[in-house]
Amino acid sequence: MLQGKPLADTMRPDTLQDYFGQSRAVGQDTLLRSLLETNEIPSLILWGPPGCGKTTLAHIIANNSKKHSIRFVTLSATNAKTNDVRDVIKQAQNEKSFFKRKTILFIDEIHRFNKSQQDTFLPHVECGTITLIGATTENPSFQVNAALLSRCRVIVLEKLPAEAMVTILMRAINSLGIHVLDSSRPTDPLSHSSNSSSEPAMFIEDKAVDTLAYLSDGDARAGLNGLQLAVLARLSSRKMFCKKSGQSYSPSRVLITENDVKEGLQRSHILYDRAGEEHYNCISALHKSMRGSDQNASLYWLARMLEGGEDPLYVARRLVRFASEDIGLADPSALTQAVAAYQGCHFIGMPECEVLLAQCVVYFARAPKSIEVYSAYNNVKACLRNHQGPLPPVPLHLRNAPTRLMKDLGYGKGYKYNPMYSEPVDQEYLPEELRGVDFFKQRRC
Ligand SMILES: Nc1ncnc2c1ncn2[C@@H]1O[C@H](COP(=O)(O)OP(=O)(O)OP(=O)(O)O)[C@@H](O)[C@H]1O
């Protein structure tokens, strides 16, 4: 069972009874659950992080619909072409008109279809030829056509909580016939009753199950893969033992420890999705923590990104922006710090540059803040955007006059060259119609 398919696929539940967590989306009293139970499936967008059960929920719906002779067709937007979608729609039209059979079309990773590909389903979802179920890890407000989105119910699935992860792992552990060792009652697994079959008896420490549940960070696929790798690693080291020792027998018991499961998990891939929603969530959390002068939270979000494989230069670029947007003239050297951190990261790369970013992030969290320049500049932009008619000309006295003609036209006339005056100079620098405007005090002009 462990050598062939991934354990996560083998363990994919067929019914809602084995679908754990996600109580907000499909719990006992939810609308979606009653619709699923009565088999009235609306078009859905299932949005959630990797491994939280989007495809599994679609699989459960498929299982259920087949019982009610509804067709269920699956496409993956990673490899399907627009023509594949057209073929499915054509077939669905035929099934509907000749056999009165409904079709549910499941599109995995729907965000990978571009807007015009998504447009292909729109009329067919609208007239009920197909019921669309799309799965996405990306925020559908940005990745799914607004028109299509308005015809679908968005179901938000969450990272699976640790308790649900334990239940999912235990279901797999039981199905593999692995025994869980209770750490509160220490027993030597080798003292368990001997196993007459050639297969070894397998044990797993209970804390290994908990660790797996926590480290897989709500991603059931990662948790089940981690378990599978840990078991396979233990089984192969058992074989190695026989080979090396030249013994014809091999240990009849195998113990999977906490360390084995830690090795089975590739933590960085689990915690952070560089291209996805989590990338934006974490950078936003970092920015807000620094703005809120919370140095602990700032360091935490920084580490979440870097440990997860984020590009340090991306973080450094965001820090350059922060230096001006949020600290500004309250501490102008913040900009120098950020640019230096950027260059430092460029020179030495990860992992050495992590401390440069950490230093800069803590400096920023502790720094005084001022959005004076940032908001004044926004006021100027708003002023330009809201201006009716042609923009006012540059006052003549402020213009340079490199030629005779320009001089004759009055360019530069009356300009007072400030260094020539010992007193403050009374001179206008804004266009006439903006005289007296103070972008630092008002929001709009
Ligand atoms: N809520 C759940 N209850 C039980 N098992 C689950 C649940 N969610 C996921 N699993 C298990 O994890 C595996 C992976 O889940 P699934 O393929 O549904 O994730 P997904 O959200 O579609 O992820 P991705 O976006 O990466 O495709 C499933 O095959 C199943 O074994």
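Helices in these legends are DSSP runs of at least four residues, counted off from the N terminus, so α21 is simply a helix's place in that count. The model shown here is predicted.

**Figure 1. The whole chain, before we zoom in.**
Start with the full view: the protein chain has 21 helices and eight strands. It runs to 445 residues, and 42% of them count as buried. The chain exposes about 25000 Å², with carbon and sulfur atoms supplying 53% of that area. Now take the contacts between residues with a separation of 6 or more: 74% of them join residues 24 or more positions apart.

**Figure 2. Met420 and its patch on the surface.**
Met420 sits in the segment after α21, the helix that covers residues 404–408. Is Met420 buried or exposed? Its relative accessible area is 65%, so it counts as exposed. Met420 also belongs to a nonpolar surface patch of about 730 Å². Its partners there are Val394, Leu398, Tyr415, Tyr417, Tyr421 and Tyr429.

**Figure 3. Asp331, a buried charge with no salt bridge.**
Look for Asp331 in the loop between α17 (312–327) and α18 (333–348). This residue is buried, yet it has no salt bridge. Why not? A salt bridge needs a side-chain nitrogen of Lys or Arg within 4 Å of a carboxyl oxygen of Asp or Glu. For Asp331, the nearest side chain of opposite charge is Lys369, and that one is 9.2 Å away. What Asp331 does have is a polar contact, side chain to side chain, with Ser333 at 2.6 Å. Skip its neighbours within four places in sequence, and Asp331 is in contact with Tyr363 and Pro368.

**Figure 4. Glu126 and Arg151, a salt bridge between distant parts of the chain.**
Here the side chains of Glu126 and Arg151 meet in a salt bridge, 2.5 Å from N to O. The two residues are 25 residues apart: Glu126 belongs to helix α7 (residues 122–126), while Arg151 lies in the loop between α9 (146–150) and β5 (153–156). Glu126 is exposed, at 52% relative accessible area. Arg151 comes in at 32%, so it counts as partly exposed.

**Figure 5. More salt bridges, as pairs and as a network.**
How many salt bridges are there? The count comes to 16. One of them joins the side chains of Asp9 and Arg12, at 3.6 Å from N to O. Both partners are partly exposed: Asp9 has a relative accessibility of 31%, and Arg12 has a relative accessible area of 25%. Another brings together the side chains of Arg435 and Glu428, at 3.4 Å from N to O. This pair is partly exposed as well, with 40% for Arg435 and 31% for Glu428. Salt bridges can also link up: Arg291, Arg321, Glu325 and Asp326 are joined in a network of them.

**Figure 6. Gly51 and its partners from elsewhere in the sequence.**
Gly51 is found in the loop between β1 (44–47) and α4 (54–67). With 13% relative accessibility, it counts as buried. Which residues is Gly51 in contact with, leaving aside its neighbours within four places in sequence? They are Leu160, Gly218, Asp219, Ala220 and Arg221. Check out Gly218 in particular: Gly51 and Gly218 are 167 residues apart in sequence, but their C-alpha atoms are 7.5 Å apart in space.

Conventions: Residues numbered from 1 in each chain as written. Predicted model: local features only at pLDDT ≥ 70, side-chain atom pairs only at ≥ 80, totals over all residues. Heavy atoms only, no water. Buried < 20%, exposed > 50% of the residue type's maximum accessible area, 1.4 Å probe, protein only. Lys, Arg positive; Asp, Glu negative; His and termini not counted. Polar contact = N/O pair within 3.5 Å; in protein donor to acceptor, adjacent residues only side chain to side chain. Contact = heavy atoms within 4.5 Å. Patch = residues over 30% accessible without salt bridge, like charges linked within 9 Å, V, L, I, M, F, W, Y side chains within 5 Å. Areas by Shrake-Rupley, 256 points an atom, 1.4 Å probe, with all protein chains shown as cover.
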